[in-house]
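Here is a short tour of one strand and its neighbours, followed by a look at how the chain divides into domains. Have the coordinates open as you read.

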Amino acid sequence: MPSVATTLNLIRPGGAVTSCSPALKDAPWNFDAVPVPAYGPGSSMADVAPADTPRQGEIPAEYRTATDEELDRRILAAKATLGDRVVVLGHFYQRDEVVKYADFVGDSFQLANAARSRPAAEAIVFCGVHFMAETADIVSNADQQVILPNLAAGCSMADMADIDSVTECWEQLEELYGTEPDASGRVPVIPVTYMNSSAALKGFCGEHGGIVCTSSNAATVLEWAFERGQRVLFFPDQHLGRNTAKAMGVPLERMPMWNPRKPLGGNDEQAVLDARVILWHGFCSVHKRFTVAQIEKARADFPGVRVIVHPECPMPVVDAADEAGSTDYIQKAILAAEPGQVFAIGTEINMVQRLAAEHPEHTIFCLDPVVCPCSTMYRIHPGYLAWVLEALVGGEVLNRISVDESVAAPARVALERMLAARP
Ligand code: 13P
Ligand code: SF4
């Protein structure tokens with residue numbers, strides 16, 4: 001099974017394999033020079049990037065013009081020189097050409113914690129996206145510096161909730177609900193943020209009695225919140241919130257959606273008063289691509305296929321699948337399966353193609369037939385990795401992601417509540 005980048009280069013017009021954008025074949029530094037902020041080609045290319053989204057300046061020509069072999073040699077040499085002083089982390093969705101240099105490969109929270117297991121590493125090079133690097137900075141030791149090789153590697157879903165819009169929403173909710181607990185001591189509303197959010201929103205949750213969740217523990221976290229609050233404000237991913245709360249028995253009519261551009265989120269007062277979970281209007285453009293029709297086709301083509309999708313997929317897709325689970329869940333399900341199974345997976349293509357390559361004993365394919373990676377993960381290319389590693393060898397820290405302690409401290413509170421929450 002070739003890597004996603006190789007697959008993209010093999011695509012010929014009129015061939016059986018297609019991608020969502022021909023620009024995916026272009027070098028990522030072409031998009032660093034685009035005058036308006038944009039996520040670049042791939043699944044998030046139609047999403048609007050906020051004006052203040054971090055931009056990546058032009059990297060030196062020597063990294064843009066180097067051959068793959070030269071970059072390989074330079075990355076390995078820089079890593080060898082740095083030794084234990086650096087740790088390279090690669091997210092499951094990262095391209096193979098970068099993942100091959102990673103000391104740890106995993107999901108966002110596993111990677112944030114992996115950094116702590118290497119206290120000698122002064123630099124943590126996070127080949128993931130911005131919120132993941134922020135989380136690593138929050139949980140790592142104070143003397144460790146986190147580096148994001150391409151600053152334009154944000155997350156379009158995380159960008160859909162910003163601290164100003166959430167604060168405004170919170171003020172409207174406080175006005176409607178008041179702030180007094182009910183007879184059983186439950187406050188009117190608890191804020192819950194998905195890990196895929198800015199450090200500022202994690203800090204907001206820490207300061208307002210709230211908590212963080214991942215896609216692995218969202219149900220446990222919602223239970224924690226319902227023990228302490230009459231309702232939950234869940235951001236930024238409507239789908240993870242809806243899929244999780246629905247599985248816990250919350251009726252759909254008690255899950256209004258909050259559109260930050262409209263008064264009361266676009267709801268009438270009664271709907272907000274009756275809410276159990278208020279869902280922020282956010283979504284992941286990678287997981288929005290999966291459809292029930294794709295699942296029906298997989299079942300028709302491969303009777304007995306096991307369909308596993310990520311809970312960021314829309315509710316009808318999760319309902320039609322056999323299972324829904326986080327990236328870690330998907331990996332473990334494949335590892336635990338008897339040889340000879342067929343898996344149709346609804347998550348990012350780099351992870352699915354890697355699993356297929358690593359597990360020839362199974363047939364594993366992505367539900368979406370169109371090659372369409374996470375735009376922002378895909379902005380990281382070996383050229384940027386070579387650039388930041390060689391700078392480290394020269395004593396320079398480039399592209400540092402640093403969360404101010406005034407935000408990191410309350411964010412840590414919300415993360416610690418998550419770690420303490422038990423099923
Ligand atoms: P994980 O939390 O499993 O790392 O997933 C992150 C993500 O971005 C999913 O779309
Ligand atoms: Fe963000 Fe979706 Fe990419 Fe995950 S896959 S980093 S949620 S845009």
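In this predicted model, strand E8 (residues 232–235) is covered on both faces. Val 232 and Phe 234 are buried on one side, while Leu 233 and Phe 235 are buried on the other. This fits a general pattern: side chains in a regular strand alternate between the two faces of the sheet.

Which strands pair with E8? Strand E6 (residues 190–194) runs parallel to E8, and strand E10 (residues 277–280) also pairs with E8 in the parallel sense. The table sets out both pairings, each with one residue pair you can look up in the viewer.

| Strand paired with E8 | Sense | Bridges | Residue pair |
|---|---|---|---|
| E6 (residues 190–194) | parallel | 4 bridges | Pro 191 with Leu 233 |
| E10 (residues 277–280) | parallel | 3 bridges | Val 277 with Val 232 |

So much for the strands; now for the domains. The domain assignment splits the protein chain into domain 1 (4–156 + 377–404), domain 2 (159–283) and domain 3 (287–371). Between the C-alpha centres of domain 1 and domain 2 the distance is 31 Å. Their contact draws 13 residues from domain 1 and 8 residues from domain 2.

Which elements give two or more residues to the side of domain 1 that touches domain 2? They are helix H6 (108–116) and helix H7 (130–139). H7 gives the most, with 4 residues. Sorted by class, this side of domain 1 holds 7 nonpolar, 5 polar and 1 charged residues.

Definitions and conventions: Residues numbered from 1 in each chain as written. Chains lettered and ligands numbered in written order. Predicted model: local features only at pLDDT ≥ 70, side-chain atom pairs only at ≥ 80, totals over all residues. Buried ≥ 20, exposed ≤ 12 C-beta atoms within 10 Å, placed from the backbone. Pairing = 2+ DSSP bridges. Domains from an automatic or database assignment. Contact = placed C-beta atoms within 7 Å. Nonpolar A, V, L, I, M, F, W, Y, C, P; charged D, E, K, R; others polar.
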